[in-house]
Amino acid sequence: MTSLLLKAFPVSLPFLRAPESSKPQFQVKVRSLDRDEASSSTAFSSDSVLLNGRSFTRGKDEVESLFDGGVEQKEKSMSPLVAEGNGRLRLSSGGEKSRRKGAISEDMDVLWDDGYGTKTVKDYLIASKDMIRQDGGPPRWFCPVECGQPLEDSPVLLFLPGTDGVGLGLTLHHKALGKVFEVRCLHIPVYDRTPFQGLVKFVEDTLKSEHSSAPNRPIYMVGDSFGGCLALAVAARNPQIDLVVILVNPATSFTRSQIQPLLPILEAMPNEFHSVVPYLLSGIMGNPLKMAMVGLEDRLPPREKIEQLSGKLTSLLDYLFVLSEIIPKETLVWKLKLIQTGSSYANSRLHAVKAEVLLLASGQDFMLPSKNEAQRLKKGLQNCQVRYFKDNGHTLLLEEGLSLLTIIKGVGKYRRSRKVDLVMDYVPPSKSEFERIFFKDGRFMQAVTGTVMLSTLEDGRIVKGLAGVPAQGPVLLVGYHMLMGIELHSLVGEYLKQKNILLRGIAHPEIFGGRFESSSSEFNFQDWIKVMGGVPVAASNFFKLLSSKSHVLLYPGGAREALHYKGEAHKLIWPEQQEFVRMAAKFGATIVPFGGVGEDDLVELVLDYKDLMNIPILNNYIRDIARSAPRVRDETKGEVANQELFVPGLLPKVPGRMYFLFGKPIETKGREDVLRNREEAHQLYLQIKSDVEMNIDYLLKKREKDPYRNVFDRMVYRALYPSLQEVPTFDL
């Protein structure tokens, strides 16, 4: 029988300790296995409660009345307690009241601190050593203090650890995940010998309990290595539960790994030689360089960066001995046999897995053939999506790269109900995500575009910066779509940087379809579009964005404008009928027409649609793609609606500069004439189009007078004036 233990942190672990002067920040529901083997161990019983590190003995009723940071508020008439939030408790009625969930963006600030990069693998090793000091008893769940309190209606996330069994494999990700998930981490004590089927039953019981308390909410399981086998086994046994399973280099490929042949050698090895095993395994368990690079300041000069990296590597090596304490010889042999059993169990039941599966595979995994396993599982599982990390090792979650939450958001897997809602369930970008895309990965783009942002005040004056663009939403920015959307990186980044407001772009549905994904698909530009708030073109999404007072980016020309032909640069290709004006007026949105120029200073279009359709074989390929691509407009409305998707032939130029001018805002609040009269709406549409064209013409003329239009001129200026952040432009 499963017993219930309420354990109030802090305990004796430094990373879980709160100030003694304050009451516990939260509690954790811990489930333990009742079995004969546990009778001789120091297993916690259902009438034992640890509060602030002290042990108390209470009756069953008293334990059930303990909640909210250790304050007793006994209500015998209420239902049993279940966990709420990351350690909070709530009373469950066995069901979930139906109510409208608010948008996450209403409760979270843009550029919030997700903590990614502040913790490293060294923190993991130190915390693991402290945790196993008082280890004992059966497997149980815990929640790290760093996870904090999640937002309301957040789904549960169960972390199933790898071979170590400690449950701290998400150390680098605790703060970020704890914001939008109720995190539970499975801890398997060092000397626990629960068989694989027993672990499956234990996780399954927790899964069913969480599902009964919130049946309309998904449950996430993150399985790392061995935990991947456990997650698949549980998912196969519970196809009726709405699950999102995230596998990280799953050990389902154990029979083809380099570790299996070592099992007889490890069994025969004398105990005194086991202390060297962690150092031997460290080279194949993960990428030490990637581990040391976590939190490395990317903007440091090369010399300082190398010195910092060297220090981190040395410090990391000093703590590798902890692995021999986390996984003693007897435990290592037991865990390898457990993985062998779990791998066979999971592989025999892959056909029964109905859950959504996201598989994260490393290219430098020398412990398991994870890349090949990703190919096999993608074919064998019914609903499997893969992201491949070619430079990472087996311990992907402890290495430098992307936050796990970023990956979940990028592949569109985060949801709070049965269906994904890209508006209501959207998690705004964090500070680390913004710095990653715009200053690390996008550093080159930032340098070569030298973006100039101008806006128009109410009196018609043009000024530098975005002072003329209203901060209060809803705001609808309507403009010209440059070739291949080359302006998006600069436009969205500068808007967020200058106004601290995120632009929610409306994009072609093909970006969200995943039609061309494979087992080697890396985290790509399309994923970043979703991270940065892009949504597919749909009236419902447009409605939700405006109703939530967002700043919305709209290109009426769509794909036809972004994939224009030769000689059509800076030319508006919009549909004849207005498609957005009346919707904007319905919500009283402020419309800001804007123009952008600079694509012709960055790339040259050498092969357009007409050229490509004259090439045999290639033209049939383009037609095949077009047939299966989703249509976003009525096909009877001209070439804007009938545009077929393709990749034009481009050649890079010596970079010039990118310019944006936001016109005078147009208020629609109170414009009943626009709502009731289609002709009035059409006239407003034509006014917006005319304003965009005037903005483009203004920029084309003024850029000729910019002394720093060329990238080399800007480089010289930065070298002469390194303390100045912005490079001047033309006089207004």
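Start at the second largest pocket of this predicted model by selecting helix α15 (443–449), the element that gives the most to the lining of this pocket, with four residues. Then add α14 (431–440), β16 (452–456) and α16 (488–499) to the selection, since each of these, like α15, supplies at least two residues of the lining. The space enclosed here comes to about 810 Å³, and among the 25 residues that line the pocket, those closest to its centre are E494, K497, R718, Q725 and E726. If you colour the lining by residue class, you will find nine nonpolar, eight polar and eight charged residues.

Keep α14 displayed and select K440, which lies in that helix, together with E400, which lies in the loop between β15 (384–389) and α13 (404–410). The side chains of K440 and E400 meet in a salt bridge, with a distance of 2.7 Å from N to O, and the pair links parts of the chain that are 40 residues apart. Are the two partners buried or exposed? With a relative accessibility of 32%, K440 counts as partly exposed, whereas E400, with a relative accessible area of 8%, is buried.

Next, select E433, also in helix α14, and K409, in helix α13, a pair that links parts of the chain 24 residues apart. Their side chains form a salt bridge of 2.8 Å, N to O. Here K409 counts as buried, at 7% relative accessibility, and E433 is buried as well, with a relative accessible area of 3%.

K409 also leads to the next stop, the largest cavity, where K409, Y414, L422, D425 and Y426 are the closest to the centre among 13 lining residues. The volume of this cavity is about 130 Å³, and its lining is made up of six nonpolar, two polar and five charged residues. How many cavities of 30 Å³ or more does a search of the whole structure find? The search finds two.

To reach the second largest cavity, select helix α4 (residues 196–213), from which the largest share of the lining, three residues, comes. This cavity has a volume of about 70 Å³. Of the 11 residues that line the second largest cavity, V156, E210, S213, A214 and R217 are the closest to its centre, and the lining as a whole divides into five nonpolar, two polar and four charged residues.

Now turn to the nonpolar interior and select F181 and M221, the residues with the most contacts inside the largest nonpolar core, which has 113 residues. Helix α5 (residues 226–237) can be added next, as the source of the largest share of this core, nine residues. Show the surroundings of M221 and, leaving aside its neighbours within four places in sequence, you will find M221 in contact with L158, L160, V203, L207, A231, V234, A235, L243, V244, V245 and I246. Another core lies apart from the largest one and has 60 residues, among them L553, A585, I591 and F594. In soluble globular proteins, nonpolar side chains tend to be buried together.

For a further charged pair, select K175 and D113, which form a salt bridge whose closest N and O atoms are 3.0 Å apart. K175 lies in helix α3 (residues 174–180) and D113 in the loop between β8 (88–91) and α2 (121–133), so this pair ties together parts that are 62 residues apart in sequence. K175 counts as partly exposed, at 39% relative accessibility, and D113 is likewise partly exposed, with a relative accessible area of 49%. The count of salt bridges in the model comes to 30.

Finally, zoom out and show the whole chain, which holds 26 helices and 26 strands. Of its 732 residues, 58% count as buried. Where contacts are considered between residues at least 6 apart in sequence, 82% of them join residues at least 24 apart.

Methods: Residues numbered from 1 in each chain as written. Predicted model: local features only at pLDDT ≥ 70, side-chain atom pairs only at ≥ 80, totals over all residues. Heavy atoms only, no water. Core = buried A, V, L, I, M, F, W, Y, C linked by side-chain atoms within 4.5 Å. Buried < 20%, exposed > 50% of the residue type's maximum accessible area, 1.4 Å probe, protein only. Contact = heavy atoms within 4.5 Å. 1 Å grid on protein atoms, 1.4 Å probe; cavity = no way out; pocket = protein on both sides within 12 Å on 5 of 7 lines; lining within 4 Å. Points joined across faces, edges and corners; volume = space filled by probe spheres on them. Nonpolar A, V, L, I, M, F, W, Y, C, P; charged D, E, K, R; others polar. Salt bridge = Lys/Arg side-chain N within 4 Å of Asp/Glu carboxyl O.
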